[in-house]
Amino acid sequence: MGTLRCEAMQLLRRVRVGMNLAVILGFRDWHVHHLVNCLWSLSLGWLCEVPVIVVDFGCTEYYAKAVKMITSEFNMTLVRVEAPGWSRARALNIGARAAQEWPGVETFVFTDADMLFPPSWAPTVAKQLPVPGLLLTHSRDLPEAYITGDRIARSDRLANEEWLLAQTTPHPDVGQGAAMVVPRRWFEYVRGFDETYSIWAAEDNDLVLRAQWSGLPVAWLEGTFVVHQEHPRDWATPAQLEQVRRNREYLLARMAEQGPVVRNPEGWGGQSRRPEEL
C-alpha cells in the first residue's frame, strides 16, 4: 500500500498542474451504509483532494439528516434540492452545475452511491489526464452478504484490491454508468445527461452514444475497476418500473435517429439555458 499511495500522490501533483477532477453522485432515500462505504473509498489516496459532490435529490427528513452528517464527516460537498421523485440524470446534472463553481475543474466523474473505488482506480485515471474522450469503468458485483451496516467501512477491505477481486464477479458492460470520466467542456456543450430519462436506466448509454455521434472517443479503462454493492430492487413501484421501460424505449428511438447530440433545450441541471449556450 505504501508504494501505491506514493505513486498516487506523485500523480496528484500532475493532476494539480494539469486537469482537475470533480466526483459527482446523487442520493435519495437509499441505503445509507452504501453511501458511507462509497465515500470512505473515495477518501483514500488523492481522490480525497478533489471535490466530491453529493446531491441530496429530495430526501425525506431522516435520510436528509443522515446524508448531511455523513458528507460533513467526510468533508465532502452536499447540494440539497427539493424533488418529487428520483431522476438520476437530473441529479447528476445538478451536481455538474455545482462543480462549475470550482476553478480548474475540467473533468467530471459521474458515479453512484452504491459504488466502491479500489486503490488502483485513481492512479489509472490520472495517467489518462487530460482525458482524450469519454472513459468508462468496468464494474464488479459484491454480494449483499458482505455489506451489512458498516461492516466493510470498519475493516481494511476497501483498500485490499485482491480481496475485492476475489469476492466480486464481473457486471455486464451494458451498464456503462458505474464511473464515467467525462470532459467538462463537451458535457456542457451537449447540456448534460438527457433529462427526458427519469428514475434511472439508459441515461448513461445515451450519453455514450452522443459522444460517439459527436466524434468524441469512447474507451474502457484497463487495469482497474469499480465495485457495485449489490442490493435488492424491492424499492421500485409498478409506476417506476414502467418509467424504466419507457426510458429503454426512448433510448431505442434515439438509436434509430442517431441524434440529436445536444439535449435539454430549455436548460439542464436545474438552471435555464445560459446566453453562452444559445
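## How helices 2 and 3 pack

In this predicted model, helix 2 spans residues 32-42 and helix 3 spans residues 61-73. Their axes come within 11 Å of each other. They cross at roughly 15°. An angle under 35 degrees counts as roughly parallel, so helix 2 and helix 3 are roughly parallel to each other. Their crossing is right-handed. Two packed helices are described by the angle between their axes and the distance between the axes.

Which residues of helix 2 and helix 3 meet? Helix 2 brings Val 32, Leu 35, Val 36 and Leu 39. Helix 3 brings Tyr 63, Ala 66, Val 67, Ile 70 and Thr 71. Of the residues in this contact, 8 are nonpolar and 1 is polar. None is charged. An α-helix has 3.6 residues a turn, so residues three or four places apart point the same way.

## What covers helix 2

Helix 2 is mostly covered. Of its 11 residues, 9 are buried. Val 32, Leu 35, Val 36 and Leu 39, already met above, are among them. The others are His 34, Asn 37, Cys 38, Ser 41 and Leu 42.

What covers these buried residues? Helix 3 is part of the cover. The cover also includes strand 1 (20-27), strand 2 (52-57), strand 5 (115-116) and strand 11 (226-229).

## A closer look at Ser 41

Ser 41 lies in helix 2. Is Ser 41 buried or exposed? Its relative accessible area is 2%. Buried means under 20%, so Ser 41 is buried.

Set aside the neighbours within four places in sequence. Ser 41 is then in contact with Met 115, Leu 116, Phe 117 and Leu 158.

## Phe 74, just after helix 3

Phe 74 sits in the loop between helix 3 and strand 3 (77-81). Along the chain, Phe 74 and Leu 39 are 35 residues apart. In the model, their C-alpha atoms are separated by 7.1 Å.

Leu 39 is also one of the residues that Phe 74 touches. The others are Val 36, Trp 40 and Ser 43, not counting residues up to four places away in sequence. Val 36 and Leu 39 also take part in the contact of helix 2 with helix 3.

## How far to trust the model

The chain averages a pLDDT of 87. A score of at least 70 is reached by 87% of the residues.

Over residues 1-19, the pLDDT is below 50. This stretch still has 30 contacts in the model beyond near neighbours in sequence. Where pLDDT is low, the predicted coordinates should not be read in detail.

How values were computed:
Residues are numbered from 1 along each chain as its sequence is written. This is a predicted model: local features need pLDDT of at least 70, side-chain atom pairs count only at pLDDT 80 or more; totals for chains, interfaces and linings use all residues. Side-chain values use heavy atoms; hydrogens and water are left out. Axes are lines fitted to C-alpha atoms, for helices over the stretch in contact, and angles run from 0 to 180 degrees between N-to-C directions. Helices (H or I, at least four residues) and strands (E, at least two) are DSSP runs, numbered from the N terminus. Angles under 35 degrees count as roughly parallel, over 145 as roughly antiparallel, 65 to 115 as roughly perpendicular and the rest as oblique. A crossing is left-handed if the near helix is turned anticlockwise from the far one by less than a right angle, and right-handed if clockwise. Contact means heavy atoms within 4.5 Å. Ala, Val, Leu, Ile, Met, Phe, Trp, Tyr, Cys and Pro count as nonpolar, Asp, Glu, Lys and Arg as charged, and the others, Gly among them, as polar. pLDDT is the predictor's confidence in each residue, from 0 to 100. Buried means under 20% relative accessible area, exposed over 50%, partly exposed in between (1.4 Å probe, protein chains only).
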